[in-house]
Structures are given as C-alpha cells and as structure tokens.
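Me: Could you take a close look at one part of this model for me? I'd like the small sheet with its helix, and then whatever you can say about the loop and the charged pairs.

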Amino acid sequence: MFLNKITFLLLICFIINGCTEPYILETNTYEEGLIVEATITNELKKQEITLTKTAKLEDKEVKLESGADVYIIDNTGIRYDFEEESGKYVSTSEFQAIPGREYRLNITTSDGRSFESSTENLPPINPMKDVKAVVETKDSIRGVGIHVNSEDPTNSAKYYRYEYEETYKIVAPRWNSMKAIIVPGATSSSNPTIQLIPNSVDTRVCYTTKNSTDIILTSTAELNKNQVDIPVRFISSQNSIISHRYSILVSQYVENLAAYTYYKTLKKISDSGSLLSPLQPGFLYGNIKPTNNPNDKIIGYFELASVSSKRIYFNYTDLFPLDPLPPYYTECEQMVLNFCFKGIGCDGDNLVYGFTNNTLTYTRNTGITYIVNPAPCGDCTTFSSNIKPLFWED
C-alpha cells in the first residue's frame, strides 16, 4: 500500500509539472495497515521493534501505532516483552538471539487486531572482516568509496544486508570571536544599538549524524568463493561532509534466504525509476499474518540476523592531501549593511532582525557599516549540534 503511494505520487508529480494549475492530492479510499520493522540480532542488548501505520497521500508525518501488546516467544517457552518508548517498542530486558532456537513475534494492537509471525532461526554468524575508505572514481566523479570486506571459510553465510551511520565534523568557516547583539533603546521612541560581546567557541565546531536509507544487499550464493567486497557508500570529494573529519559505522547483517528475498523485492520496487515501467508495485507480503481477521493489512518482516559492526575515521587531508577543502554546504557571501534607520541605504531593521533571530552573524564593522554573513556560516549550531558524540575520536 505504501509502495503504491510512492509510485502514484511520482506519476501525479509528472502530470502536474505539465499543468498550468496545481492540483491538491487527496485520498479517496483508504485502508489502514500496520507496518512492522523488526530485526532481532545476536547482540546482547535491549532489542527494538517499530510499529507504524500506512499513510494517506495528504499525511505529512509518520503515524505511530501506539498502545500495542508486543512480545516474542521462543521454542523453550521464554517470553520477551516489549514496551512502548520514544516511538518504538523496546524489550523490557536485554536478550540476544541464540543459535538453534526458534522465535516468533506476536502483536495485538489497541483496537484488537492480532498478528503473528512465522517461527524464525538465527542465520550463521560471520563477523565482518574489514571496512576501508578508498579514493576512487564513480560515474566520472572522484571521491571516497567505503568498502566492506567479509569472508566465510565455512561457506554457510551467503546473504548479507548492510546499514551505516555516518557522523561528520563541521567547522563554521566565518566564525568570529565576537558576537553582535541588539540592545533595545532606552525609550520606545529611541533606536536600538549594537553591542559586541565575546562569542561562544561552542558555535564554531559541530557534529552531524545521519543513518543510511538505502537497502544495501549482496549475496555469495552464486559465487565460487564466499568472499564479500561491496561498496556501501560513495562520497564525492566535493561533498562538504568530508571537509574535516568523517566517521562511518557499518553494520553487516547475515540473513536467511527468505529475509534476503523480501528486502531484494522491496529494493526492486522502490528503485524502479521509470514512471511508465511495467513493474507496478502491489502488496508486499512478509512473514507476519493476521490471526483473527484475514482482511487485516500488515506490511513488514520479522527477521533474526547475526550482526557485526566496524567504525572507521578519516580526515580529508588523509585522502586528498594536495586538494583544497570542498566548498561549504551553503553559500557564505558576505553582505554589507548600514546600521541606520532613516534615509537611502539604511539597513537598521534588517540588522536588528538578523542579529535578534540569529539569521546573520557578525564579521566586522567600520562605524555604522557592518559586514555580516548568513548565520550557518558563522554559527554551526543553527543547523547542527555542538555536542561531541561519546564515541568520537579526534
């Protein structure tokens, strides 16, 4: 259902671009379905399951499925309960998937719909061997390829899925040790003034973390050797995210054939680029079924996967020692504004608004003439976080 929505939206956007008047999309008919994201691993931790609802065309936010009763039970009779926490369902205690055991997911929603998965086993455990950053050219673009290497001497692990979390350091290029603030006038009729105060060093360096959104898969089932060398990420050398220091945490999931086939089908549907393609996405069935009403809709897959993770760091100068840094993510064109309120060329109101609402940052001034920049160029906290991650290594 949600895949149909994506294709329909793309088709309508194509049609609308050729129209003279925009058309507001609305859903005429809608059947609510449950979407399940559940991967239980061999890591000893509090496992997580995400439950959301299918969306209408006009919906702008993800709708969470709240108040559900969620638990997993294994073939020895042990039950693992999950409780709702920050938009997810988190196990009440730490546990890990154990080889040789069978596990089944059970869900009962707040409105009485009940679902149950097939029983699943943990696939073979095969730790990732290495993650490395390589300077390479892809589609005529020079950049950095993040490659994963893995090898299974037992030839038992054949199906792999990858996710990554990337974190990068940001340095505001026009940061200044002084900050301009607006001081209100002494009376309601008097003009405000500008005061320069020491700027916080905490606005110069920030860190941004993002998770992968692509479905990254590979298989060694048809290869002579059970070796994996897969590029999971490519970054142009002109991308600002690698301007200073970059880190990526790659996770490798070893799956069974059924889970691999499910994600491969999902990827094939989501990657179909042509709007007129004969491939029309339909309802993608997983291994979770309704137990009371066969008409209840559910999308998703309950899988067990063995996982291993590795993190690497690199600086831009490590890989491109002779190249200038990539351009900043946004233009940092300086503006010259006069702090006066009457007459031609006066920009007092713009400066008051910019310094008060943190849309402008101070560079220097001569008398009433101020040199300013867009705020992101002088204060990275306007779009990122200045809190250094606990794992970060300089």
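Reply: Here is a walk through the sheet and its helix, then the loop, then the salt bridges.

Keep in mind that this is a predicted model. The sheet is an open one of 3 strands, in the order S21-S23-S22, and the pairing is antiparallel. S21 and S22 stand at the edges with a single partner strand each, so one side of each has no neighbour in the sheet. From one strand to the next, the twist averages 35°. If you want to follow the pairing of S21 with S23, there are 4 bridges, in the antiparallel sense. Met335 is a handy place to check, since its bridge partner in S23 is Val372.

Now add the helix. H4 lies across S21, S22 and S23, and runs at about 130° to S22. H4 spans residues 348–356, and its buried residues are Gly348, Leu351, Val352, Gly354 and Phe355. What covers them includes the strands of this sheet, S21 (335–338), S22 (360–366) and S23 (369–374), but also S13 (178–183) and S14 (193–198). Just after H4, have a look at Asn358, which takes a positive phi of about 55°.

On to the loop between S16 (216–219) and S17 (227–236), which is where Asn226 sits. Asn226 is buried, because its relative accessible area is 6%, and the cut-off for buried is under 20%. Its side chain makes a polar contact of 3.3 Å with the side chain of Asn155, and also reaches the backbone oxygen of Ala157 at 2.7 Å. Setting aside neighbours within four places in sequence, the contacts of Asn226 are Ser150, Glu151, Asp152, Asn155, Ser156, Ala157, Tyr160 and Thr220.

Leu223 lies in that loop between S16 and S17 too, but Leu223 is partly exposed, with a relative accessible area of 48%. Leu223 and Lys158 are 65 residues apart in sequence, and their C-alpha atoms are 9.5 Å apart in space.

Finally, the charged pairs. Side chains of opposite charge can pair when their charged atoms come close. The count of salt bridges comes to 16, and three of the pairs are worth opening up.

Start with Arg233 and Glu166, where the closest N and O atoms are 3.2 Å apart. Arg233 is in S17 and Glu166 in S12 (residues 159–171), so this pair ties together parts that are 67 residues apart in sequence. Both ends are tucked away: Arg233 counts as buried at 19% relative accessibility, and Glu166 is buried at 6%.

Arg161 and Glu163 make another salt bridge, with the closest N and O atoms 2.9 Å apart. Here Arg161 is buried at 5% relative accessibility, whereas Glu163 is partly exposed at 34%. That pair doesn't stand alone: Arg161, Glu163, Glu255 and Glu303 are linked in a network of salt bridges.

Then there's Lys45 with Glu43, whose side chains meet in a salt bridge at 3.2 Å, N to O. Lys45 counts as partly exposed at 33% relative accessibility, and Glu43 is partly exposed as well, at 32%.

Technical notes
Residues are numbered from 1 along each chain as its sequence is written. This is a predicted model: local features need pLDDT of at least 70, side-chain atom pairs count only at pLDDT 80 or more; totals for chains, interfaces and linings use all residues. Side-chain values use heavy atoms; hydrogens and water are left out. Helices (H or I, at least four residues) and strands (E, at least two) are DSSP runs, numbered from the N terminus. Buried means under 20% relative accessible area, exposed over 50%, partly exposed in between (1.4 Å probe, protein chains only). A polar contact is a pair of N or O atoms within 3.5 Å; within protein, one must be able to donate a hydrogen and the other to accept it, and residues adjacent in sequence count only if both atoms are side-chain atoms. Contact means heavy atoms within 4.5 Å. Two strands pair if DSSP finds at least two bridges between them. Axes are lines fitted to C-alpha atoms, for helices over the stretch in contact, and angles run from 0 to 180 degrees between N-to-C directions. A salt bridge is a side-chain nitrogen of Lys or Arg within 4 Å of a carboxyl oxygen of Asp or Glu.
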